[in-house]
Amino acid sequence: MNKTFKHASARASLFQESVIREMSRLALQHKAVNLAQGLPDFACPAELKEAVTRATLDNVNQYAITWGDKLLRQAIAEKTKRFQGIDIDPESEITVCCGATEAMVATMMALIDPGDEVIVFEPFYENYGPDSILSGAVPRYVRMRAPDWSFDEAELARAFNDKTRAVIINTPHNPTGKVFNRQEMQAIAALCQKWGVLAITDEIYEHILFDDNEHISMATLPGMRDLTVTINSLSKTYSVTGWRVGWAIASPELTLPIRKVHDFLTVGAPAPLQRAGVTAVNMPQVYYDELKQEYADRRKYMLETLDMIGVPYTNPQGAYYAFCDISSFGFKSDLDFTKHLVKDIGVAVVPGGSFFGDSPIKHNYVRFCFSRQDETLSAARERLKDLKKRS
Ligand code: PLP
């Protein structure tokens, strides 16, 4: 008798397909306005398109050095100095990967052993769940609480123990729009130093900040430079999510294993796009100022729409999402709400449950993404006017 064929590994069976990307597929199917996936629907800067063409014409079409194009690593080091004031050695402290996504999973697979605990602030960007499973880490959630999504420092302190290997911080935060303030970052840093725990910080929204909010990069705090892996990417800052270029910055001792894992996962990020990334990373200050202003305008419009339909939200301090409490709308769950929205109203958003572990509030939220051109945001507003509470 033939043996039964096993389709999925035990590891792959432990997590679901991405809910965010699934919502984008449903948006297409129902011709809905897509406010689900976190990608801009507007063009990237023209000089970046030209830079990609130039790179391919200049024959930058073969494998780059596995840990990244030298010119891009130098540009990242210069930008890190310019914005964070810290010196990074591009030869030994930067690994360019296929997006922040690969940088995060390569970092976790390189630095975490099966059974090690990793502290994750909840709600969290959905990839950190599968990243933990793939690296064998045991996630330990620390709750952030609405309306400001602050956390209890005592609860955080209780989460640290001898098994803790890392804490993942994402600031500005997806999905809540929270920007961790200095006091919060210092509290985390103090615990990392006390317990000899790594901070893995996902800072891909560092330039999308509102009002007077300041981005604090963990590696700049006293004592944290060598205890931090800083993850970043071209995707959000330069509106090129499809390029798949991101990076991890860490001490040479941490970088060595990250580079090994990265090499055998992907060999390298696309070479011409890495080279074009030099133009992106070298954009002048005015680019960042305009980016901020444009996102402030998009946030204003999105929040006015939410006010109009009566959905409560936390005012985002950064990133490009509005995380909304839909518990007063009379739907059974976040999934029920998002299905109604995509099929009957014609707007796709992400059910909040995908950003939580087993929190009791996990089905009370949905995420609206506002990295969209004016026409998309106004089309969504028109449709959302039909949204009614269920009695
Ligand atoms: N990290 C966070 C917090 C994100 O929101 C996203 C995308 O939405 C990513 C990482 C993925 O980044 P990349 O496109 O560089 O892989």
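# A tour from the ligand outwards

Select the ligand and Asn 174: a side-chain N or O atom of Asn 174 sits 2.7 Å from an oxygen atom of the ligand. The model on screen is predicted.

**The ligand site**

Add Lys 236, where an N or O atom of the side chain is 2.7 Å from a ligand oxygen atom. Then add Arg 244, which places a polar side-chain atom 2.7 Å from an oxygen atom of the ligand. How much of the ligand does the protein bury? Taken alone, the ligand exposes 400 Å², and the protein buries 93% of that. To see the surroundings, show the 15 residues around the ligand. The closest of these are Thr 101, Asp 202, Tyr 205, Ser 233 and Lys 236.

**The two domains**

Next, colour the chain by domain. Domain 1 is made of 12-44 + 286-384, and domain 2 covers 63-281. Their centres, taken over C-alpha atoms, are 24 Å apart. In the contact between them, 37 residues come from domain 1 and 41 residues from domain 2.

**The core**

Now hide the ligand and turn to the largest nonpolar core, which has 124 residues. Select Phe 121, Val 167, Ile 188, Tyr 238 and Phe 368, the residues with the most contacts inside this core. Which helix gives the core its largest share? Helix 10 (residues 285-309) does, with 8 residues. Both domain 1 (12-44 + 286-384) and domain 2 (63-281) give residues to the core, so the core lies between them. In soluble globular proteins, nonpolar side chains tend to be buried together.

Centre the view on Ile 188. Leaving out residues up to four places away in sequence, Ile 188 touches Phe 121, Phe 151, Leu 156, Val 167, Ile 169, Phe 180 and Met 218.

**Helix 9 and Gln 274**

Go to helix 9 (residues 271-281) and pick out Gln 274. Is Gln 274 buried or exposed? Gln 274 counts as buried because its relative accessibility is 0%, under the 20% cut-off. Beyond its neighbours within four places in sequence, Gln 274 is in contact with Ala 64, Gly 68, Asp 69, Leu 72, Val 96, Val 245 and Ala 269.

**Helix 5 and Ser 132**

Ser 132 is in helix 5 (residues 128-135). With a relative accessible area of 0%, Ser 132 is also buried. Show Met 108, Ala 137 and Pro 139, which Ser 132 touches when residues up to four places away in sequence are not counted.

**Ser 18, ahead of helix 1**

Move to the segment before helix 1 (19-29), where Ser 18 is found. Ser 18 has 14% relative accessibility and therefore counts as buried. A polar atom of the Ser 18 side chain lies 3.3 Å from the backbone nitrogen of Ile 20. Add Pro 130 as well: the C-alpha atoms of Ser 18 and Pro 130 are separated by 9.5 Å, with their positions 112 residues apart along the chain.

**Helix 11 and Ile 345**

The last stop is Ile 345, in helix 11 (residues 334-345). Ile 345 counts as buried, at 10% relative accessibility. Which residues does Ile 345 touch, not counting those up to four places away in sequence? They are His 340, Arg 383, Leu 384, Asp 386 and Leu 387. To finish, draw a distance from Ile 345 to Val 240: their C-alpha atoms are separated by 29 Å, and the two residues are 105 residues apart along the chain.

Terms used:
Residues numbered from 1 in each chain as written. Predicted model: local features only at pLDDT ≥ 70, side-chain atom pairs only at ≥ 80, totals over all residues. Heavy atoms only, no water. Core = buried A, V, L, I, M, F, W, Y, C linked by side-chain atoms within 4.5 Å. Buried < 20%, exposed > 50% of the residue type's maximum accessible area, 1.4 Å probe, protein only. Helix = DSSP H or I, 4+ residues; strand = E, 2+ residues; numbered from the N terminus. Domains from an automatic or database assignment. Contact = heavy atoms within 4.5 Å. Near = heavy atom within 4 Å. Polar contact = N/O pair within 3.5 Å; in protein donor to acceptor, adjacent residues only side chain to side chain. Areas by Shrake-Rupley, 256 points an atom, 1.4 Å probe, with all protein chains shown as cover.
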